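Biologist: I should like a close look at a single part of this protein, with its surroundings described in one connected account. The structure is shown below for reference.

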Amino acid sequence: MSAPRPSPDHALAALRPLQLVSAAIGIGAVMLTAMRILVDLDPVPPSWLAVGLVLAAVVLATAAITLFGYAVPSLPRGLPRENAARTSLRYFGSTTVLRSAIAETPVLVAFAVSFVVTPHSWLPLLIALPVTGALFWWHAWPSPRTAAAVAKGLEAEGAESHLSETLGFVGN
């Protein structure tokens, strides 16, 4: 006899708050870019320093997500299914918020650069925003891929995390 699987309503209740938090963080990057453009509508060419700082932020954010965004401790063997699922969901939620925040970093750097580095230009935001969107979509949005990556760390010592099932990504 197999263990009971979470109902679709339970899975949606676990997944929906993570999606809402991730969306709110992601929309922040778009809103920040829009507000900066509205402050000064003239598209002044940016300096090479500004572009370099934004590209450095992109590289660092990508590296940080890859190195730290999926890092979780492994679950101990013999953990009851319900505890494993609850613990896995907690780690998935915290790493999702972390990855969302790191993905938004290039836009935050570009926003600061647009006011600090002369000439004051919002064009570096147009470099940062698509990259932030790609980082966000690939690494931060709660998906079967991100759940599998976190589950891999949780299951490193052989325990089952039941994360994908809890989120409703498998078995439905």
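Which residues of α4 are buried?

Modeller: The model is a predicted one. The buried residues of α4 are P124, L125, A128, T132, L135, F136, H139 and A140. Around the helix axis they cover an arc of only 100°, and they therefore lie on the same side of α4. On the other side of the helix, P130 and W137 are exposed. The helix itself comprises 18 residues. From its first C-alpha to its last, α4 reaches 25 Å, which is close to the 26 Å expected at 1.5 Å a residue.

I127 also belongs to helix α4. With a relative accessible area of 28%, I127 is partly exposed, because the buried class requires a value under 20% and the exposed class a value over 50%. Leaving aside residues up to four places away in sequence, I127 touches V51, V54 and L55. By contrast, a distance of 40 Å separates the C-alpha atoms of I127 and L75, which are 52 residues apart along the chain.

The nonpolar cores place the helix in its wider setting. The largest nonpolar core has 23 residues, and those with the most contacts inside it are I65, F92, V150, L154, L163 and L167. Two or more residues of this core come from each of α1 (8–39), α2 (48–68), α3, α4 (123–140) and α5 (144–154). There is also a second, separate core of seven residues, which includes V54, A110, L125 and A128. Of these, L125 and A128 are among the buried residues of α4, and V54 is one of the residues that I127 touches.

The segment that leads into α4 deserves attention as well. P119 lies in the loop between α3 and α4, and the peptide bond from T118 to P119 is cis, with omega near -5°. Before this loop, S114 lies in helix α3, which covers residues 81–116. S114 has a relative accessible area of 0% and is therefore buried. The side chains of S114 and R36 are joined by a polar contact of 2.8 Å. When residues up to four places away in sequence are not counted, S114 touches R36, H120, S121 and W122.

Further along the chain, H162 is found in the loop between α5 and α6 (163–166). Its phi is near 60°, a positive value in a residue other than glycine. H162 has a relative accessibility of 13% and so counts as buried.

As for the protein as a whole, it has six helices and zero strands, and from the N terminus on its elements run α-α-α-α-α-α. The C-alpha trace spans about 70 × 30 × 20 Å along its principal axes. Of the 172 residues in the protein, 39% are buried. Among contacts between residues at least 6 apart in sequence, 83% join residues at least 24 apart. The accessible surface comes to about 9,200 Å², and 71% of that surface belongs to carbon and sulfur atoms.

Conventions. Residues numbered from 1 in each chain as written. Predicted model: local features only at pLDDT ≥ 70, side-chain atom pairs only at ≥ 80, totals over all residues. Heavy atoms only, no water. Helix = DSSP H or I, 4+ residues; strand = E, 2+ residues; numbered from the N terminus. Buried < 20%, exposed > 50% of the residue type's maximum accessible area, 1.4 Å probe, protein only. Polar contact = N/O pair within 3.5 Å; in protein donor to acceptor, adjacent residues only side chain to side chain. Contact = heavy atoms within 4.5 Å. Core = buried A, V, L, I, M, F, W, Y, C linked by side-chain atoms within 4.5 Å. Expected span 1.5 Å × (residues − 1). Arc of directions from axis to C-beta. Areas by Shrake-Rupley, 256 points an atom, 1.4 Å probe, with all protein chains shown as cover.
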